[in-house]
Structures are given as C-alpha cells and as structure tokens.
Amino acid sequence: MIPNQWYVVLDAAEVSKKPLGVKRFGVDMVFWRDAAGEIACQVDKCCHRGVRLSLGEVKGGCIECPFHGWQFDRAGQCTLVPSNGKNARIPKKFKVQSYPVREAFGWIWLYWGEVEDEQTLPDIRYFKTLQDPRFRSGTFQELWPVHYTRSVENQLDVTHLAFTHAKTIGNPKKPIVDGPLFDWIDEDTMRFFPVTQPDVGNVAKKADEIDMSKVRGFLDFRFPNMWQLCISEKFINFAAFVPVDDEHCITYIRVHQRFFPVPILGDWLVSVMNIFNRRVLGEDRRMVVSQRPIRSELEMDELLVQGDRPITEYRRRRQELKDAAAEGRAPSSIAGKTNGPKDDDGTRSTTAMEEVLAGEDTTA
Ligand code: FES
Ligand SMILES: [Fe+2]
C-alpha cells in the first residue's frame, strides 16, 4: 500500500446510522454515522473484550458495543462504561483506534498513513469532469480475489481490448496499439489515449507519430486508486480500486451520463449502461483472477511491450511514491512528463475533448 494518501474506500450510500463492518487494508473496520450524519471509522474490535463493534448500534454521537454497552465517540475514545456508572472516570487508554475518514463526492475516503494532526491532512481532489450537475450516475461493485494493483493495471491495459473484449468494447480487427500517448497531467494523475489500428503490415506507431486531431476519448488514472474513462463529455465511467486485503480488491464503477439528464429516463439509461459495464468487467475478471503473481511490482517476471506503457508508468510511479514515503522525503516531480509531441511552448497540444472537459479539479 502506498502510505499517506486518501483512498476511496466505500460508496457513501453504503454507510448509514447502522454500523457497517468491512475489511479495508487488511483491517476489520467499522464505519458509522453519528446523529448529525458525520462519518466515523474505527477498528472493528471493542477494547473491552474484543467483540465486533459493528454488531452494536449508534446512540447519539457514539457507537455502543452490544456485549457490555461501552460507548465510543467518533475519535474512538470510550465515553461510557455502564458497569462502572455513568459518572465514573474513564481512563484515556480506554480507546479503539480510529481512522481519518471524510465523505466527499458521493464516496467515503480514508487517509491511510501517519497522522499527527487530522487538521493538517491534504485536501481530497476529485475529477472536475464528474462535477457537472446534469449527470445522472449509478454505482456497482465487484469483489475480485486479486491484489488491487492487478485491478488498477487491468484498466490501464490497452492491448487486451481486441482480445478480452472482442465482443464488447474491443475491435478484434484492430489489434495494433499506437503509442499509447501518456501525459502526467499533474503529480498524481496520468492521462493516456487508447488508439488502435488494423494490422495491414504496419507496426505500432510511436506516441509522437499519432495524429491526435482524430483522437477523442481518454483515460485518467489518479493515485492512489481512482480512474476515469472519458468516452464523451456526456458519458464518463469512474472507477475506484479499493484494497480489501493483500488478496482481495473491490472495484467500484460509477457511470455518469447526461444524454438524458432527467430522473426516470436518465436513471433507466444508467442501469442499462451498468449492465453493459458489468459484462465488460466480467470479461476482464476471467483473465485478471488468473494472473500470477496476484500482486504486481515494478521488478517482476513479465515481458512488457510498447502498448503496455501506461502499466509501466504506473508501476514506476507507484514504486517512487512508496520509496519516498519510506524514506520520509517528497516524491520526485512527474507532472508534465509525456511521450507525446509538444508544442513550441513545451506542452502537449490537447485534443478537442480535453478542451471541452478542461478545468480545475474540485477539492474537499
Ligand atoms: S466487549 Fe465491548 S463492551 Fe465488553
Ligand atoms: Fe478490460
């Protein structure tokens, strides 16, 4: 896991006043909301005698363990030991570990890493493209028995389209992958462009040979676990790759469409799109759960080719972020790195769709 990052961990709609016990980062956690709807997260284990707090219930601003009624506030501090009396002093060490969590953009985010002061944590950034209020959206999730790095890389893989998805989003007549052109649009986000061609004796073009005026869609991967596929300005798929433990990952897919920006018809279209998305993800699943090893690393026994460049870029950056965290230093700068052609001012010329979707990301 890359430490010191905000991870998407749940769909916000999954957390209610009823405590929710789930595993994330290999830890059994309980998520709940207090009376004001504020989110909280603790280790799902009572510090009294080890019962799962997720079996309990929320009372006012606290979660109550069902075994002997101890209560804990959002910071995990015990506030009541009924057998001692409500006016009895409670030692500071009567506490369950809590994690910094926030609700933003319809997701629950958890900061995984060293936290001295929650007030000084960085902002959460979310793709600007998804902020259009006309979007109707719908979410589904799938649990796969793989390390989350494999799920991420599956969505960075351009060369599988003609094969794995020959019956859906891929074109078996276009196996050649030009580029892919990639561009680190900021320190955490890699954009890349899937361009495929028929094989009529040609070989894959280098990224700087691609005629970008004909390219429309693009994909963004943002560390640590977010991705978006911008098919058009009216149709965007978002994904979050949520680490459950070292051998399991939940992929959340949220489709956004504004062909019909209205409730009933719009939501019907969203469900149809997600039926299709599930089918596409099912095609991936067969392949990805069979990959060995189940976790990907920068140095591993695989032979990557030009078309795998987004995967190589991901592995390199992931390693750098992990190394930097381990060494207590800032990661090297990567924003602006691209294999694409550059304008006179040294920046890559953007496509028409990028122009339409350009803008500042939203923070929370
Ligand atoms: S085990 Fe939770 S109150 Fe006793
Ligand atoms: Fe796929």
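## Helix α3 and a surface patch

Trp 268 sits in helix α3, which spans residues 263-288. The model is predicted. Trp 268 also belongs to a nonpolar patch on the surface. Its partners there are Phe 259, Phe 260, Val 262, Leu 265 and Val 272. Together the six side chains' residues offer about 540 Å² of accessible area.

## Cysteines

How many disulfides does the count give? It comes to 0. Cys 62 is in no disulfide. The nearest cysteine sulfur to that of Cys 62 belongs to Cys 78, 8.7 Å away. A disulfide would need the two sulfur atoms within 2.5 Å, so this pair does not qualify. Cys 62 is buried, at a relative accessible area of 11%.

Cys 249 is likewise in no disulfide. Here the nearest cysteine sulfur is that of Cys 41, at 18 Å. Cys 249 is buried as well, with a relative accessible area of 0%.

## Cavity

What does a search of the whole structure find? It returns 1 cavity of 30 Å³ or more. The largest cavity holds about 30 Å³ of space. Its lining is made up of Ser 296, Glu 297, Leu 298, Arg 315, Arg 318 and Gln 319.

## Cis peptide bonds

Two bonds leading into proline deserve a look. The bond from Phe 223 to Pro 224 is cis, with omega near 0°. Pro 224 is placed in the loop between β15 (218-222) and β16 (226-232).

The bond from Arg 292 to Pro 293 is also cis, and its omega is near -5°. Pro 293 falls in the loop that links α3 to α4 (309-327).

## Positive phi outside glycine

Asn 4 is not a glycine, yet its phi is positive, at about 60°. Asn 4 lies in the segment ahead of β1 (5-11). Is Asn 4 buried, partly exposed or exposed? Asn 4 is partly exposed, with 31% relative accessible area.

Phe 105 also has a positive phi of about 60° without being a glycine. Its location is the loop between β9 (101-104) and β10 (107-112). Phe 105 is partly exposed because its relative accessible area is 22%, and buried requires a value under 20%.

## Val 22 in strand β2

Val 22 is part of strand β2, residues 20-24. Its relative accessibility is 17%, so Val 22 counts as buried. Along the chain, Val 22 and Arg 285 are 263 residues apart. Their C-alpha atoms are separated by 22 Å.

Terms used. Residues numbered from 1 in each chain as written. Chains lettered and ligands numbered in written order. Predicted model: local features only at pLDDT ≥ 70, side-chain atom pairs only at ≥ 80, totals over all residues. Heavy atoms only, no water. Patch = residues over 30% accessible without salt bridge, like charges linked within 9 Å, V, L, I, M, F, W, Y side chains within 5 Å. Areas by Shrake-Rupley, 256 points an atom, 1.4 Å probe, with all protein chains shown as cover. Salt bridge = Lys/Arg side-chain N within 4 Å of Asp/Glu carboxyl O. Helix = DSSP H or I, 4+ residues; strand = E, 2+ residues; numbered from the N terminus. Buried < 20%, exposed > 50% of the residue type's maximum accessible area, 1.4 Å probe, protein only. 1 Å grid on protein atoms, 1.4 Å probe; cavity = no way out; pocket = protein on both sides within 12 Å on 5 of 7 lines; lining within 4 Å. Points joined across faces, edges and corners; volume = space filled by probe spheres on them.
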